[in-house]
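Grab a coffee and open the viewer. Here are a few exercises to work through, each with a solution you can check as you go.

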Amino acid sequence: MPVGLAAAGRHAACCTRVDRHTDEAPPWPDLHPRSPAAACSPQLPPPHWLSARTAEAQAAPLRIATSISDIPRLWGGPEAGFEGIRFGALFLYDALINWDLSSADRPSGLVPGLATSWRVDPEDRRKWVFSLRPGVRFHDGSPFDAEACAWNFASVLDQGAPQFDALRAGLVRTRLTSIASWRVIDPMTFEVTTHAPDALFPYQAPFLWMVSPAHWRALGGDWQRFAANPSGTGPYRFVSLRPRERAEFEPNTDYWDKERIPRVPRTVLLPMPEGTARVAALRAGQVDVVETVPPDTIASLRAAGLRVVMNAYPHVWAWRLSVLPDSPFRDVRVRRAANLAVDRDAIVAMLAGSALPAKGKITPDHPWFGRPSFDLRYDPDAARALMREAGFGPDRRAAISVIIASGGGGQMVPMPMNEALQEMLRAIWIDVTFQVVDFATIINMLRAGARAPTARGAAAINIAIPTMDPTTGWIIYDRDLAPPRGVNWGEYDSPAVQAQLAAARSAFGDEENRAAMARLHEILVEEAAALFVVHDLNPRALSPRVRGFVQARNWFQDYTRISFG
């Protein structure tokens with residue numbers, strides 16, 4: 001990896017403990033007779049219940065309860081935000097650059113995926129050259145090479161390509177904003193050219209997942225058929241799908257990274273958008289892993305001998321704010337007042353300690369934090385003073401509508417959290433009403449932007465902001481990336497932010513990159529670019545039989561290392 005590429009990833013935050021609670025599973029009941037092989041052994045066989053336990057563990061699938069309401073489309077452009085990517089992309093596909101999800105003790109950085117290395121051309125810093133991994137095949141047996149790579153780039157970035165699908169492309173290309181062109185140099189060398197020199201470009205590459213061109217053609221060039229029978233290069237192979245019910249996968253035994261061939265024979269995804277239903281299924285032994293555990297269940301789950309793991313990860317639960325002319329948040333004094341009205345410690349207590357109070361987009365120990373001059377504290381008197389300066393008061397209240405989700409990845413427990421904010425903001429003369437939608441819908445509304453008719457004049461949208469890389473959490477404030485080109489939902493427009501984004505994109509060295517990103521964070525906090533509330537610790541619950549899961553400091557996770565005890 002060349003100088004400067006992984007600066008941000010290597011230096012992400014380290015801010016809380018990892019729960020390594022490892023209670024052993026209780027003895028299983030005697031359900032099966034001893035196996036014939038054990039009966040014929042010349043050695044003393046184990047007790048019949050132990051043989052039954054081992055056989056059942058080896059044959060049983062790993063069952064993961066997700067918080068989204070449906071299986072994301074398995075076509076390399078998943079819906080449902082980052083949870084959709086976690087299961088709808090990373091199971092089946094690789095990108096040129098992948099995330100390192102192997103450790104709970106260090107920040108996630110970038111690692112080689114389908115490219116073994118990449119470098120910026122010193123003569124033209126718009127050009128990135130990727131050396132591709134030899135010998136990789138898609139699940140259908142066709143080879144991965146530079147032509148397949150170019151086909152995939154065209155599938156989301158070239159509207160004239162036969163493989164281009166507008167819906168699928170819309171789910172991917174908002175994270176690929178720097179790419180101007182691409183070309184095949186030779187069968188194992190691929191080049192990408194960005195619109196301008198961009199040191200942050202490698203963080204975009206993990207969001208373009210390589211699907212099989214040969215398999216797409218074999219299915220008649222039909223993306224819907226492909227989504228129902230996908231083929232990638234990833235660690236899992238597709239087995240079956242029942243929409244809104246389950247998807248099943250088996251190990252890709254030919255996977256190029258032998259350490260990441262799944263340990264269990266079958267993995268099942270089960271959509272369960274209701275948190276209490278996920279917890280009940282875990283208690284009943286119907287699932288093995290629960291995503292997004294309701295905070296009020298954590299103590300009882302641990303008391304029942306179930307594991308709950310948490311870890312700091314790059315996330316801030318926030319309202320993204322509209323600065324369009326009809327929004328009160330166009331005024332920085334109102335944005336600051338809203339941030340001063342929030343009692344973050346009270347919200348952390350409401351979440352049973354499964355979050356950290358936000359002092360900005362990232363935690364104060366993060367190398368990108370800097371030294372913002374505006375302190376995100378709870379100070380309603382100062383908030384009311386700012387509101388009066390902005391022309392509001394008891395007799396002239398600000399009325400706003402906020403788009404919120406009923407659930408979904410990264411949203412924590414959105415209804416009670418938003419209701420708490422509603423009450424806190426009422427005290428500073430901001431009256432909040434909610435537009436409640438499901439998570440897939442809110443993602444589409446995010447992409448459409450605050451000007452879209454679907455926003456219905458909303459002044460804010462509550463979608464958690466990933467902060468693990470510049471593309472997902474930082475350039476969302478770039479005025480040039482308003483929808484449909486990007487996800488600057490509220491069309492944030494700040495000369496200081498624009499200048500600092502340019503500085504960060506030009507910072508190819510590690511130290512230079514850190515300094516540029518720290519200054520960018522200072523500006524975003526000082527301008528109160530969002531309503532920053534808490535950082536999620538992302539609790540997951542595991543059955544006692546699950547072994548080997550490592551909760552990485554990342555929105556994405558690696559389930560291939562799970563085995564059964």
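**Exercise 1. Find what Y477 touches, then place Y477 in its core.**

Start with the contacts, skipping residues up to four places away in sequence: Y477 touches K361, I465, N488, Y492, V497, Q498, L501, L524, A529, A530 and F532. Keep in mind that you're looking at a predicted model.

Next, the core. The largest nonpolar core has 87 residues, and Y477 joins W319 and V534 as the members touching the most others. There's also a second, separate core of 82 residues, with L62, W75, L101 and F226 among its members.

**Exercise 2. Work out what the side chain of R320 has for polar company.**

First, locate R320: it sits in strand β13, residues 315-321.

Second, look for a charged partner. R320 is buried but has no salt bridge. The nearest oppositely charged side chain belongs to D469, and that's 11 Å away, whereas a salt bridge needs the atoms within 4 Å.

Third, try the backbone. The R320 side chain reaches the backbone oxygen of A464 at 3.2 Å, and one of its polar atoms lies 3.4 Å from the backbone oxygen of I463.

Finally, list the wider surroundings. Leaving out neighbours within four places in sequence, R320 contacts L446, A459, A460, I461, I463, A464, I465, P466, I476, V487 and W489.

**Exercise 3. Classify two aromatic pairs and say which parts of the chain each one links.**

The count comes to 29 aromatic pairs. Take F153 and F190: their centres are 5.0 Å apart with 55° between the planes, which makes the pair tilted. F153 belongs to helix α5 (residues 146-157) and F190 to strand β7 (residues 189-194), so this pair links distant parts of the chain, 37 residues apart. Now check burial, where the cut-off is under 20% relative accessible area. F153 counts as buried because its relative accessibility is 4%, and F190 is buried too, at 0%.

Now W368 and W474. Their ring centres are 5.4 Å apart and the planes meet at 90°, so call this one edge-to-face. W368 is in the loop between β14 (355-357) and α13 (380-389), while W474 is in the loop between α16 (470-473) and α17 (495-505), so the pair ties together parts 106 residues apart in sequence. Both W368 and W474 are buried.

**Exercise 4. Which residues form one aromatic cluster with F87?**

Select F87 and work outwards through the rings: F91, Y236, F238, F249, F549 and Y559 belong to one cluster with F87.

Terms used. Residues numbered from 1 in each chain as written. Predicted model: local features only at pLDDT ≥ 70, side-chain atom pairs only at ≥ 80, totals over all residues. Heavy atoms only, no water. Helix = DSSP H or I, 4+ residues; strand = E, 2+ residues; numbered from the N terminus. Buried < 20%, exposed > 50% of the residue type's maximum accessible area, 1.4 Å probe, protein only. Lys, Arg positive; Asp, Glu negative; His and termini not counted. Polar contact = N/O pair within 3.5 Å; in protein donor to acceptor, adjacent residues only side chain to side chain. Contact = heavy atoms within 4.5 Å. Core = buried A, V, L, I, M, F, W, Y, C linked by side-chain atoms within 4.5 Å. Phe/Tyr/Trp six-rings, centres within 6.5 Å; stacked < 30°, edge-to-face > 60°.
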